[in-house]
Amino acid sequence: MSLNNLFSLEGRTALVTGGSRGIGKIIAKAFIEQGATVYISSRKTAACEETSVELGPKCIPLPMDVSTVEGCRALAAAIGEREDHLDILVNNAGAAWGVPFEEFPESGWDKVMDLNVKSPFFLTQALHELLKTKASHQAPSKVINITSIDGMRLNPWDTYSYHASKAALIYLTKRMAARLIKDGIIVTSLAPGAFASEMNRAARDHGDAVAKGIPMQRIGNFDDMAGAAIFLASRASDYVVGDTLVVDGGLVNASLGTSIDA
């Protein structure tokens with residue numbers, strides 16, 4: 001196999017949850033540009049359809065709320081009606097909640113933990129048969145969980161359930177990887193730092209200020225996320241199993257002091 005197509009996704013079929021905006025949209029666009037057909041899902045129908053139009057005919061909208069097990073199974077069924085297999089699953093849909101410790105509500109705990117931890121597990125479970133249909137140890141399928149550097153280090157905000165959920169998903173990635181590798185399915189995680197998005201409004205609205213606390217002196221851009229996601233989805237990472245790729249400009253591994261939240 002030639003190194004020329006090491007990062008190609010030509011002929012691959014992918015599903016990206018939370019794919020209508022932010023990091024999910026970046027990943028969907030990157031996969032399409034590398035040759036994949038990409039289904040994007042989010043709970044907002046209009047946003048899904050708008051992104052599909054923007055990204056072109058290889059981007060197919062499948063609006064669904066994956067915050068419940070029923071929603072995960074419904075999305076898997078919808079994919080199964082359209083495809084006989086799935087090569088790549090990106091569990092990107094997520095939520096955050098920030099409220100002072102004394103006031104933090106149970107609803108803010110349950111919503112975040114359900115979407116950020118429970119849903120990636122049960123969606124992968126529901127898509128298991130499609131993921132392993134054409135998978136082998138020579139040509140594995142890929143599951144990429146989008147975690148966060150907030151699962152590895154603290155930020156200064158009162159995001160208790162978010163911190164806990166991302167740390168849990170990083171470890172869940174390892175456990176899922178240990179089980180699914182025998183089916184030719186590789187599970188990894190991608191942990192972003194500061195990327196401008198609706199969830200990370202600090203990076204979106206105050207990018208210059210956030211950049212001062214990052215060793216690379218800038219927030220992440222399209223190429224940073226696209227390159228990392230393509231690596232994990234492509235043949236280039238076929239021997240990388242259960243690991244978390246940190247894409248944060250050095251905050252976790254090259255920072256000497258307290259930094260601004262990513």
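This short talk covers the sheet of this structure, one helix that lies across it, and the second largest pocket. Please keep in mind that the model is predicted.

I will start with the sheet. It is open and has 7 strands, and the pairing is parallel. Read across, the order is β3-β2-β1-β4-β5-β6-β7. At the edges are β3, residues 59-61, and β7, residues 244-247, and each of these pairs on one side only. From one strand to the next, the twist averages 20°. As background, the strands of a sheet pair through backbone hydrogen bonds, in either a parallel or an antiparallel way.

Take one pair as an example. Strand β5 covers residues 141-146 and strand β6 covers residues 185-192; the two pair in the parallel sense over 6 bridges. Which residue in β6 is the bridge partner of K142? That partner is I186.

Next, the helix. α4 lies across three strands, namely β1 (13-17), β4 (88-91) and β5. Relative to β4, α4 runs at about 160°.

α4 comes up again in the pocket. The second largest pocket has a volume of about 150 Å³. Which elements give two or more residues to its lining? They are α4, residues 106-126, and α6, residues 160-180. The largest share comes from α6, with 4 residues.

By name, the lining residues are F121, T124, Q125, H128, R175, M176, R179 and L180. Sorted by type, the lining of this pocket has 3 nonpolar, 3 polar and 2 charged residues.

That is the end of my part.

Key. Residues numbered from 1 in each chain as written. Predicted model: local features only at pLDDT ≥ 70, side-chain atom pairs only at ≥ 80, totals over all residues. Heavy atoms only, no water. 1 Å grid on protein atoms, 1.4 Å probe; cavity = no way out; pocket = protein on both sides within 12 Å on 5 of 7 lines; lining within 4 Å. Points joined across faces, edges and corners; volume = space filled by probe spheres on them. Nonpolar A, V, L, I, M, F, W, Y, C, P; charged D, E, K, R; others polar. Pairing = 2+ DSSP bridges. Axes fitted to C-alpha atoms, helices over the stretch in contact; angles between N-to-C directions. Contact = heavy atoms within 4.5 Å.
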